[in-house]
Amino acid sequence: KRPNAKGIVYGKPVHHGINQLKFQRNLRSVAEERVGRRCGNLRVLNSYWVAQDATYKFFEVILVDPSHKTIRRDPRINWACKPSMKHRELRGLTSAGKSHRGLRHKGNHDNKNRPSRRANWKRRQQLSLRRYR
């Protein structure tokens, strides 16, 4: 369902669809994103399903404190302390994020997905005029 207030779209009729639209990301990645926004000083490692009822799904999200000495000294996990690991969940780099980006496949299933759909599209749109051709 499209998140419009009272279902009202102030625009052209082509954008009036509300009910038959499906959210593209999975609920697990949404949960990771919410926790990552709430706990900005921590890094989201992963998450897993815990429970669900008729309305909600509940996930536990694993967080790491990059400023903690134990984490910084442990060679198995101190990769999460790098600045490039900030907000992995917002960029689709966690397991749930890779899943909704379609990166669970390899080979022929994956033709237009890698490195990302946008980068792939951009590469195919550009005209390449080599110097010696």
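This report describes the salt bridges and the aromatic pair of a predicted model.

Because the model is predicted, local features require pLDDT of at least 70 and side-chain atom pairs count only at pLDDT 80 or more, while totals for chains, interfaces and linings use all residues. Residues are numbered from 1 along each chain as its sequence is written, and side-chain values use heavy atoms, with hydrogens and water left out.

**Salt bridges**

Side chains of opposite charge can pair when their charged atoms come close. Here a salt bridge is a side-chain nitrogen of Lys or Arg within 4 Å of a carboxyl oxygen of Asp or Glu. A search of the whole structure finds four such contacts, including those in the table.

| Salt bridge | N to O distance |
|---|---|
| Glu33 and Arg25 | 2.6 Å |
| Glu33 and Arg37 | 3.1 Å |
| Arg76 and Asp74 | 3.6 Å |

Arg25, Glu33 and Arg37 are linked in a network of salt bridges. Within this network, Glu33 and Arg37 both belong to helix H1 (residues 27-38) and are four residues apart, about one turn of the helix. Helices are DSSP runs of H or I with at least four residues, numbered from the N terminus.

The accessibility of these side chains is classed by relative accessible area: buried means under 20%, exposed over 50%, and partly exposed in between, for a 1.4 Å probe and protein chains only. Glu33 is buried, at 17%. Its partner Arg25 is partly exposed, with a relative accessibility of 26%, whereas Arg37 is exposed at 56%.

In the salt bridge of Arg76 with Asp74, Arg76 is exposed, its relative accessible area being 70%. Asp74 is partly exposed, at 22%.

**Aromatic pair**

A pair of aromatic rings is described by the distance of the centres and the angle of the planes. Rings of Phe, Tyr and Trp (its six-membered ring) pair if their centres lie within 6.5 Å; planes under 30 degrees apart count as stacked, over 60 as edge-to-face and the rest as tilted. The count by this rule is one aromatic pair. The ring centres of Tyr56 and Phe58 are 6.3 Å apart and their planes stand at 50 degrees, so the pair is tilted. Tyr56 is exposed, with a relative accessibility of 53%, while Phe58 is partly exposed, at 42%.

Definitions and conventions. Helix = DSSP H or I, 4+ residues; strand = E, 2+ residues; numbered from the N terminus.
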